[in-house]
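I'm opening a fresh notebook page for this one. I'll jot down what I look up, one topic at a time.

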Amino acid sequence: MPRPPSAMRRQILDSALRLFAEHGFKGTSLHDIAVEAHCSKASLLYHFAGKDAILAELLTPPAESLAAMNEQLATLDGDRAVEPAVTGFVGLAMRFHLEVKIIFAELPDMLDHPALAVIPTAVDQLADALAGRSREPRARVGAQMVIGGVAVTVASDVDVEPDSMRTELVQGALRTLGHRTS
């Protein structure tokens with residue numbers, strides 16, 4: 001069971017997020033995290049049962065945010081879902097860019113992780129909204145291209161100011177989906 005929030009707990013999570021994004025989940029040890037967080041391994045293990053528990057806590061907010069966004073998108077029909085799906089997904093991807101980088105770095109192993117159990121269904125729901133609820137191959141393929149393209153772009157170290165990145169991602173996604181950009 002997770003311990004109550006504390007400054008040390010947040011420091012451990014922040015350190016683990018940076019290290020997992022830089023070296024991968026498998027390439028980061030508990031010792032590495034403790035050193036980065038300026039604590040002992042015993043202190044780290046007081047706050048978390050292990051590396052999997054840290055990863056689960058790091059990946060829960062993006063998974064929950066994606067599910068919440070999909071709930072909002074579920075009320076929109078057809079083309080009315082596309083633009084909110086694009087802007088919502090780009091926003092989430094940028095907000096959680098390090099978590100996206102961790103997932104993509106070790107994708108096959110990550111998809112089996114319990115913290116990501118909701119992701120396949122959530123991505124299917126997002127793709128449906130991005131496709132404007134269409135079953136046409138062009139719309140479905142475009143939706144998957146947007147999901148992959150946005151995720152890979154935010155996981156990369158592209159040297160672009162965040163507002164410009166957001167604008168370009170949204171406009172590029174809308175063009176890919178055959179929608180006018182403003």
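My entries below go from the whole chain down to single residues.

**Entry 1: the whole chain**

I noted before anything else that this is a predicted model. I counted elements next: the protein chain has ten helices and zero strands. Read along the sequence, that gives me α-α-α-α-α-α-α-α-α-α. I looked up the extent too, and the C-alpha trace spans about 55 × 35 × 30 Å along its principal axes. Of the 182 residues, 43% count as buried. The accessible surface comes to about 10,000 Å², and carbon and sulfur atoms own 56% of that. I also checked contacts with a separation of 6 or more: residues 24 or more positions apart account for 68% of them.

**Entry 2: helix α1**

How far apart are the end C-alpha atoms of α1? I worked from 1.5 Å a residue, so the 17 residues of α1 (residues 7-23) should span 24 Å, and the ends are indeed 24 Å apart. Next I listed the buried residues here, and they are R9, I12, L13, S15, A16, L17, L19, F20 and A21. I remembered that an α-helix has 3.6 residues a turn, so residues three or four places apart point the same way. What covers the buried residues of α1 includes α2 (30-37), α3 (41-47), α4 (51-73) and α6 (97-105). Just after α1 I came across G24, which takes a positive phi of about 85°.

**Entry 3: a pair of rings**

I searched for aromatic pairs and found one in the structure. Is the pair stacked or edge-to-face? The rings of F20 and F25 have centres 5.2 Å apart and planes at 70°; an angle over 60 counts as edge-to-face, so that's what I wrote down. Both F20 and F25 are buried. F25 has another neighbour on my list: K51 lies over the face of its ring, at 4.5 Å from the ring centre.

**Entry 4: the core**

I reminded myself that in soluble globular proteins, nonpolar side chains tend to be buried together. Here the largest nonpolar core has 61 residues, and F20, I54, V86, L126 and L130 touch the most other members. I then looked up which elements give two or more residues to this core: α1, α2, α4, α5 (82-95), α6, α8 (119-130), α9 (137-155) and α10 (162-176). I picked L130 for a closer look. Leaving out residues up to four places away in sequence, L130 touches V82, A85, V86, A143, V146, I147 and L177.

**Entry 5: helix α9**

A143, V146 and I147 had just come up as contacts of L130, and I found them again among the buried residues of α9. The full buried list for α9 is A139, G142, A143, V146, I147, V150, A151, V154 and A155. These buried residues pack against α5, α6, α8 and α10. I checked the length as well: α9 has 19 residues and reaches 27 Å from its first C-alpha to its last, close to the 27 Å expected at 1.5 Å a residue.

**Entry 6: D32**

My last stop was D32, in helix α2. Is D32 buried or partly exposed? Its relative accessible area is 32%, so I put it down as partly exposed. D32 touches L19 and G27, again not counting residues up to four places away in sequence. I also looked at D32 and S15, which are 17 residues apart along the chain; their C-alpha atoms are separated by 9.0 Å.

Notes. Residues numbered from 1 in each chain as written. Predicted model: local features only at pLDDT ≥ 70, side-chain atom pairs only at ≥ 80, totals over all residues. Heavy atoms only, no water. Helix = DSSP H or I, 4+ residues; strand = E, 2+ residues; numbered from the N terminus. Expected span 1.5 Å × (residues − 1). Buried < 20%, exposed > 50% of the residue type's maximum accessible area, 1.4 Å probe, protein only. Contact = heavy atoms within 4.5 Å. Phe/Tyr/Trp six-rings, centres within 6.5 Å; stacked < 30°, edge-to-face > 60°. Lys NZ or Arg CZ within 6 Å of the ring centre and 35° of its normal. Core = buried A, V, L, I, M, F, W, Y, C linked by side-chain atoms within 4.5 Å. Areas by Shrake-Rupley, 256 points an atom, 1.4 Å probe, with all protein chains shown as cover.
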